[in-house]
Amino acid sequence: MKHAYLIIAHNEYPVLRALLSMLDDERNDIYLHIDQRAAELYEKIYPLQMQRAGLHILSARNKVYWGDLSQVETEYLLLETASAKESYSYYHLLSGTDLPIQTQDYIHSFFQINAGKEFVEYWFGNRHQKDLKRKISRYYFFTKHLKRNYSKWHFITALCRNLALIAQKMVHFHRKQEVEFRKGSQWFSITHNFCLYLLEKKSFVLQRFRYTLCPDEIFVQTLLWNSPFKKNIYHIEENHIGSMRLIDWNRGNPYTWKMQDYTELTNSDKLFARKFSSQEEELIKLIETTNRQVT
């Protein structure tokens, strides 16, 4: 079972370096997308050599913005690049601030035991359903500027976006609901067959989720839910389990793990955790030492 790790990174070189080191296993290939604006990170990573894993640093690089379709486009770029090279047993989407919290032997054994399952997290509950309806039922314009508070265009685009939303609400406009929409965590581990299914639906996704707020938290969940692969969803009924990622949304957005959380991390049955900061150098080194193995 060979696995493809698809990584989206834009900062935090020490965390990314540790992540690559821990994935350096002959059973893995790594596909790394570094944000087009992160020139310094790209220069640091590009000369890096792996001993066992294949490392493919994408030459085609997008500018990736929070809440924007560029997130989805980058995920498709990674899926297309990896699946064109080989038919992997699993494709794992990680950020550059994630780390494995289990050894590679443990991770590969887990996916062998659960072969065929789709590890995609779903968020249910009234609060999430209300948020989902808000995001898919209106047109959201200028999403590239949502987090660019210091951009000269931020004020203008925010004003235009809000006026467009007010106008849509005033006329009771709702976008067409072609399928049953669902939402959850962006990060996933999926099979080759479902990867191919996502690629088949690319034109629909890019058309329907354009001008949708945070489409990266919706499109995979929605396609999987409305597909023949729905029966393969891992722990569909339990929030925060399906992706096998340890992410704390109660203490942060999400919470950044600290040294005092080491016991919680090591006692977890999850496979990966996010997010980490280079400011917690001791924690990163400890996790890397504990879970990195030579096979």
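Helix H1 lies across four strands, namely S1 (3-9), S2, S3 and S4 (90-95), and runs at about 175° to S1. Keep in mind that this is a predicted model. On the same topic of packing, helix H7 (residues 192-200) also sits on the sheet, where H7 touches S4 and S6. The direction of H7 makes about 90° with that of S6.

Now for the sheet itself. It's an open sheet of 5 strands, ordered S3-S2-S1-S4-S6, and the pairing is mixed. Strands S3 (54-57) and S6 (189-191) stand at the edges; each has a single partner strand, so one side of each is left without a neighbour in the sheet. From one strand to the next, the twist averages 20°. If you'd like to zoom in on one pairing, try S2 (residues 28-34) with S3: these two run in the parallel sense and are joined over 4 bridges. Asp29 is a handy place to look, since Asp29 stands opposite Gly54 in S3.

Back to H1, which spans residues 13-22 and includes Pro14. With a relative accessible area of 36%, Pro14 counts as partly exposed, because that value falls between the 20% and 50% cut-offs. Setting aside neighbours within four places in sequence, Pro14 is in contact with Ser278 and Ile284. Tyr91, by comparison, is 77 residues from Pro14 in sequence and 23 Å from Pro14 in space, C-alpha to C-alpha.

Next, take a look at helix H11 (residues 281-291), where you'll find Glu288. Glu288 has a relative accessible area of 12%, and it's buried because that is under 20%. What does Glu288 touch, not counting residues up to four places away in sequence? The list is Arg17, Ala18, Ser21 and Met22. Leu69 is another matter: Glu288 and Leu69 are 219 residues apart in sequence and 33 Å apart in space, again C-alpha to C-alpha.

H7 deserves a second visit. Its buried residues are His192, Phe194, Cys195, Tyr197 and Leu198. What do the buried residues of H7 pack against? Two of the partners are strands S4 and S6, and the others are helices H3 (69-85), H8 (202-208) and H9 (219-225).

Between H8 and H9 there's a loop, and Leu213 lies in that loop. Is Leu213 buried or exposed? Buried, with a relative accessible area of 8%. Leaving out residues up to four places away in sequence, Leu213 touches Gly67, Arg134, Lys135, Tyr140, Leu146 and Ile218. Leu213 and Tyr91 are 122 residues apart in sequence and 25 Å apart in space, C-alpha to C-alpha.

Finally, a word on empty space. Rolling a probe the size of a water molecule over the atoms shows where such space is left. The second largest pocket holds about 190 Å³ of it. Lining that pocket are 14 residues, and those closest to its centre are Asp68, Thr143, Lys144, Arg210 and Tyr211. By character, the lining divides into 6 nonpolar, 4 polar and 4 charged residues.

Key
Residues numbered from 1 in each chain as written. Predicted model: local features only at pLDDT ≥ 70, side-chain atom pairs only at ≥ 80, totals over all residues. Heavy atoms only, no water. Buried < 20%, exposed > 50% of the residue type's maximum accessible area, 1.4 Å probe, protein only. Contact = heavy atoms within 4.5 Å. 1 Å grid on protein atoms, 1.4 Å probe; cavity = no way out; pocket = protein on both sides within 12 Å on 5 of 7 lines; lining within 4 Å. Points joined across faces, edges and corners; volume = space filled by probe spheres on them. Nonpolar A, V, L, I, M, F, W, Y, C, P; charged D, E, K, R; others polar. Pairing = 2+ DSSP bridges. Axes fitted to C-alpha atoms, helices over the stretch in contact; angles between N-to-C directions.
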